[in-house]
2 protein chains.
Amino acid sequence: MAAVTIKDVAREAKVSVASVSRALNGGVGVNADTSQRIREVASRLRYVPHAAARTLITRRTNTIGALLPDLYGEFFSELIRGIDLAARARGLHLLVSSSHDSVEDAAAALRAMQGRVDGMLILSAHVNAAFLHDNLPEALPAVLLNSAVKSTDYTVLNIDNVAGACAMVRHLLGAGHATVAFIAGPASNFDAQQRDKGYRAAMKKYAPHVPLNVVSGDFSEESGYRAGRQLLAQKLRPRAVFAANDMMAVGCLYAFKEAGLDVPQDIALAGFDDIPIARYVTPSLSTVRVRIVDLGRSALERLAELLEKPDHVTASAHTLGCEIVVRDTCGANLNTVSPRNIRSSGNR
Amino acid sequence: MAAVTIKDVAREAKVSVASVSRALNGGVGVNADTSQRIREVASRLRYVPHAAARTLITRRTNTIGALLPDLYGEFFSELIRGIDLAARARGLHLLVSSSHDSVEDAAAALRAMQGRVDGMLILSAHVNAAFLHDNLPEALPAVLLNSAVKSTDYTVLNIDNVAGACAMVRHLLGAGHATVAFIAGPASNFDAQQRDKGYRAAMKKYAPHVPLNVVSGDFSEESGYRAGRQLLAQKLRPRAVFAANDMMAVGCLYAFKEAGLDVPQDIALAGFDDIPIARYVTPSLSTVRVRIVDLGRSALERLAELLEKPDHVTASAHTLGCEIVVRDTCGANLNTVSPRNIRSSGNR
DNA sequence: ACGTCCTATGAAAACGTTTACGTTCGCGCC
DNA sequence: GGCGCGAACGTAAACGTTTTCATAGGACGT
């Protein structure tokens with residue numbers, strides 16, 4: 001056992017523990033060369049302050065907790081990466097609890113983090129004001145990600161789904177596709193709601209005389225496939241289809257291929273998320289990209305802000321922009337040969 | 001501030017703090033109904049033991065740390081999911097530090113976790129005996145993932161890359177492809193080394209008279225593309241190509257398509273990892289699947305074992321099997337129509 | 001020479017637990 | 001009745017820090 005404590009350092013440096021503590025924490029109120037000597041002794045003994053003891057008296061854990069649902073692939077890893085990077089830059093640790101699909105699960109995890117963290121990052125389908133009130137100790141700073149909660153008590157950080165969807169619909173219309181159908185996501189999902197809203201807003205604004213055409217889906221590839229078949233069965237087949245996420249777009253793409261249609265000549269297609277698969281399907285999928293890393297990073301930054309000055313940093317709401325990624329399925333670059341985007345990173 | 005401590009509970013229940021502690025921790029040595037009463041008071045006051053105070057005296061944090069490199073997508077999320085699930089089942093918390101690409105980074109992160117965790121899960125390219133000796137406090141239990149370290153001091157958990165690669169090469173040969181080339185990964189990478197080894201072993205065993213044919217790559221898609229062109233330029237084009245990972249296989253696939261070759265008729269192809277993209281490229285990629293969730297889960301289970309009884313649980317080495325996933329690029333199911341595998345899960 | 005202030009330092013309290021050690025008390029046994 | 005014993009419970013020490021307060025000793029102005 002290492003077990004080298006502040007007392008050992010004090011004895012070795014022939015000073016009191018108080019001086020050691022002072023020297024190691026900024027060194028104010030202690031002579032410069034004494035401080036220097038203490039530091040040397042400390043590093044020689046490989047002294048590491050006992051985090052728990054420090055927490056006990058400081059009331060600071062220097063740790064933030066992340067409560068996440070059962071996320072999938074890229075989204076999860078990018079989000080964590082963003083959070084982790086920003087946390088490390090601030091000397092904060094990251095306590096993760098993921099894969100919560102039920103409310104009880106999430107509540108239990110939240111309670112288990114009690115006292116272990118200085119603040120929380122929460123991304124969960126079932127957080128609402130009541131849930132938070134019941135399970136989140138008041139005065140524990142928290143930042144909500146992608147949440148419909150509009151409380152004045154919590155800072156929330158959202159992806160600008162509306163603007164992203166709106167921009168894509170506009171792009172499709174602008175590419176000459178007169179009619180644009182929409183494959184919706186699960187009605188309970190906040191992202192899905194917002195994207196739906198964006199579709200409707202864009203249609204109203206840029207193609208006010210074209211009737212809306214919405215078929216339902218649940219974000220799964222299979223539901224996208226079904227939606228695709230459903231659209232093909234319509235009397236007037238739409239010129240373009242906008243799916244609320246990429247997985248559904250991929251399913252839809254297979255339905256079109258199966259029917260012998262040429263994408264984008266016969267029918268254009270676009271998705272949302274820019275999952276890695278998007279660039280590898282044939283033809284490659286046009287979509288709306290969300291910078292997930294940024295979402296994680298700025299979430300942590302907001303939280304860190306809250307930690308610094310808990311005194312009236314008013315809870316605020318922020319929005320993260322999206323960008324349109326034009327590939328082959330949207331039919332906007334028919335005449336140009338689309339270069340295959342090779343990414344040289346990612347050695348896994 | 002909640003700030004309800006054990007003293008508050010004791011006062012309210014008219015007992016000493018010692019009895020409260022006893023009642024809440026198994027309740028031995030305390031009268032049954034006293035214990036009951038204490039519990040009621042505790043839950044009524046919403047008492048939550050202060051984790052740091054408990055850690056200070058117990059020397060247990062009930063937290064395990066995970067040190068991970070800059071992982072990518074599915075691999076990362078699945079690994080964390082496996083670890084998280086197993087940890088939660090044991091009441092352990094998970095402190096994550098990821099995205100470490102340099103040795104210094106990893107060392108710093110390891111030291112920062114000092115005293116915050118009861119044990120470590122380490123997956124990193126640059127861990128070796130010396131690194132661990134320098135940065136890991138002795139007597140801190142650790143489990144190494146996918147590591148070349150063969151120390152008797154640490155438990156290591158590896159993917160059976162050799163057997164996986166071996167099985168795939170055998171499968172390709174068995175499908176009638178007389179010659180099999182190999183696209184190697186970065187020489188410094190342990191997985192890459194093992195897969196290379198598997199290729200060589202299989203060729204020696206099942207096709208001893210066929211010359212080896214290895215071109216180099218670095219796990220990136222781009223290097224796979226280059227390797228593919230290199231293979232096509234050979235005098236005797238191989239009948240099948242086995243890439244050390246899926247990304248390179250995908251790059252290679254594009255090189256073949258570009259050259260107008262039909263895969264798998266003209267040349268067969270296989271990868272390793274079964275990343276999600278594998279099933280979406282056209283034709284879909286045959287590959288070797290690794291159950292990453294299991295890797296995470298059993299890593300945590302080994303570590304938990306170490307924590308339970310630090311007294312001579314001899315450090316051991318374990319291996320996790322792979323399975324071959326036959327899709328279209330390997331040419332093994334030419335005559336059957338391969339059903340497109342739709343996954344209905346994954347709503348993200 | 002003397003009070004005053006300032007700097008460097010040490011002593012000790014406090015944080016909230018767990019646990020070793022006493023103390024009390026009831027009970028059975030000789 | 002004395003004795004030992006075990007169960008129930010309380011007292012207090014201990015864990016390793018930070019921080020408040022006290023003290024000593026200069027420097028400095030008068």
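In strand S7 of chain A, Val215(A) is the bridge partner of Ile183(A). That's our way in. Before we go on, note that this is a predicted model, in which local features need pLDDT of at least 70 and side-chain atom pairs count only at pLDDT 80 or more, while totals for chains, interfaces and linings use all residues. Residues are numbered from 1 along each chain as its sequence is written, and chains are lettered from A and ligands numbered from 1 in the order in which they are written.

Labels like S7 and H4 are DSSP runs numbered from the N terminus: helices are H or I runs of at least four residues, and strands are E runs of at least two. Two strands pair if DSSP finds at least two bridges between them. S6(A) and S7(A) are joined by 2 bridges and run parallel. On to strand S8 (residues 240–243) of chain A: strand S6 (residues 180–183) of chain A pairs with it over 4 bridges, again in the parallel sense. Within that pairing, Ala181(A) stands opposite Val241(A), and Phe182(A) has Phe242(A) as its bridge partner.

Put these together and you get an open sheet of 4 strands in chain A, in the order S7-S6-S8-S9, with parallel pairing. Strand S7 (214–215) and strand S9 (268–270) of chain A are at the edges with a single partner strand each, so one side of each has no neighbour in the sheet. Now look at the side chains of S6(A): Val180(A) and Phe182(A) point one way, Ala181(A) and Ile183(A) point the other way, and all are buried. Here, buried means that 20 or more other C-beta atoms lie within 10 Å of a residue's own, exposed means 12 or fewer, and partly exposed is in between, with C-beta atoms placed from the backbone.

Hop over to chain B and find Pro238(B), in the loop between H10 and strand S8 (240–243) of chain B. Is Pro238(B) buried or exposed? Pro238(B) has 21 other C-beta atoms within 10 Å, so Pro238(B) is buried. Setting aside neighbours within four places in sequence, Pro238(B) is in contact with Thr179(B), Val180(B), Ala181(B), Asn213(B) and Leu231(B). (Contact means that the C-beta atoms, placed from the backbone, lie within 7 Å.) Asn213(B) is 25 residues from Pro238(B) along the chain, and their C-alpha atoms are separated by 8.4 Å.

There's another sheet to see, and this one runs through both chains. Its 12 strands form an open sheet in the order S11(A)-S5(A)-S4(A)-S3(A)-S1(A)-S2(A)-S2(B)-S1(B)-S3(B)-S4(B)-S5(B)-S11(B), with mixed pairing. At the edges stand strand S11 (317–320) of chain A and strand S11 (317–320) of chain B; each has a single partner strand, so one side of each is left without a neighbour in the sheet. Where do the two chains join up in this sheet? Strand S2 (residues 93–97) of chain A and S2(B) run antiparallel, joined by 2 bridges, with Leu95(A) opposite Leu95(B). Further along, strand S1 (residues 63–67) of chain B and strand S3 (residues 119–122) of chain B run parallel, joined by 4 bridges. Ala66(B) has Leu121(B) as its bridge partner there.

How do the two chains meet overall? 56 residues of chain B are in contact with 56 residues of chain A. On chain B's side, H5(B) gives the most, with 9 residues. A rotation of 180° with 0.1 Å of shift along its axis superposes chain B on chain A, with an RMSD of 0.2 Å (least squares on the C-alpha atoms of residues with pLDDT of at least 70 in both). That is the relation of a two-fold axis. Also, 100% of the interface residues of chain B are interface residues in chain A too, so the copies meet through the same surface.

Finally, the DNA. A residue is near a strand if its C-beta atom, placed from the backbone, lies within 6 Å of it. DNA strand D is surrounded by 26 residues, and the closest are Ile6(A), Ala18(A), Ser21(A), Ala18(B) and Asn31(B). H4(A) gives the most to that surface, with 5 residues. DNA strand C is surrounded by 26 residues, the closest being Asn31(A), Ile6(B), Ala18(B), Ser21(B) and His50(B). For DNA strand C, the largest share of the surface, 5 residues, comes from H4(B).

Definitions and conventions
Two residues are in contact if their C-beta atoms, placed from the backbone, lie within 7 Å.
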